[in-house]
Amino acid sequence: MRTRILALVTAAVASMTVLAGTASAAPADLNAPYARAAAKVAGDGTLLAAKNVVSAERFNGRPTGYYCVAVSDPTIDLRNAAVLATVNNYRAMITAIPNSNCNGRTNTITVVTTDYTNDFRDVPFTVAVL
């Protein structure tokens with residue numbers, strides 16, 4: 001009986017560990033030696049990898065396909081920077097608007113993604129500031 005109770009307690013503890021999960025990890029460093037800032041972003045707005053980017057998120061109050069990417073380096077002036085963006089592994093279109101004051105924040109890039117029919121879509125993308 002004792003062995004059975006011990007086995008049940010062990011299984012319960014193991015189950016709780018699986019249910020609790022792990023904390024989300026910080027984004028990976030992005031290997032972009034010639035970019036001043038860069039970000040790889042998932043379709044849901046999660047920042048996957050970054051260089052001099054503090055956050056990426058879905059744009060609050062906007063429809064599908066709007067994102068905000070915040071550059072962390074205050075010496076980067078987005079008004080005079082070349083900003084490039086591309087979708088990752090999707091047939092879609094992308095627009096990147098530097099220093100767009102995303103959700104009241106400065107030093108940000110608004111990224112808008114649409115599919116080939118010009119409907120807004122959440123798709124993964126990469127953005128770089130040269």
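**Notebook: salt bridges and strand S2**

I began with aspartate 122, which forms a salt bridge with arginine 58; their closest N and O atoms are 3.2 Å apart. I then asked why this pair matters for the layout: aspartate 122 sits in the loop between strand S8 (108-115) and strand S9 (125-129), while arginine 58 belongs to strand S4 (residues 53-58), so the contact ties together parts that are 64 residues apart in sequence. A reminder to myself: this is a predicted model.

Next I looked up how open the two partners are. Aspartate 122 has a relative accessible area of 30%, which makes it partly exposed. Arginine 58 is partly exposed as well, at 26%.

How many salt bridges does a search of the whole structure find? I got four. I noted two more of them in detail.

**Entry: arginine 79 and aspartate 77**

Arginine 79 forms a salt bridge with aspartate 77, and I read 3.0 Å between the closest N and O atoms. Is arginine 79 buried or exposed? At 64% relative accessibility it counts as exposed. Aspartate 77, with a relative accessible area of 26%, is partly exposed.

**Entry: aspartate 115 and arginine 121**

Here the salt bridge joins aspartate 115 to arginine 121, again with the closest N and O atoms 3.0 Å apart. I checked the burial of each end. Aspartate 115 comes out at 11% relative accessibility, so it falls under the 20% limit and counts as buried. Its partner, arginine 121, is partly exposed at 38%.

**Entry: strand S2**

I moved on to strand S2 (residues 37-41). Why do I call S2 largely enclosed by the rest of the structure? Because four of its five residues are buried.

Then I listed the neighbours of S2. With S9, S2 pairs in the antiparallel sense over five bridges. I picked out one position on this side: alanine 38 has alanine 128 in S9 as its bridge partner. S9 is also the strand that follows the loop holding aspartate 122, the residue I started from.

Which strand do four bridges join to S2? That is strand S3 (residues 47-51), and S2 and S3 run antiparallel. On this side I noted lysine 40, whose bridge partner in S3 is alanine 49.

Last, I looked at the turn. The hairpin of S2 and S3 has five residues between the strands, and glycine 45 there takes a positive phi near 95 degrees.

Key: Residues are numbered from 1 along each chain as its sequence is written. This is a predicted model: local features need pLDDT of at least 70, side-chain atom pairs count only at pLDDT 80 or more; totals for chains, interfaces and linings use all residues. Side-chain values use heavy atoms; hydrogens and water are left out. A salt bridge is a side-chain nitrogen of Lys or Arg within 4 Å of a carboxyl oxygen of Asp or Glu. Helices (H or I, at least four residues) and strands (E, at least two) are DSSP runs, numbered from the N terminus. Buried means under 20% relative accessible area, exposed over 50%, partly exposed in between (1.4 Å probe, protein chains only). Two strands pair if DSSP finds at least two bridges between them.
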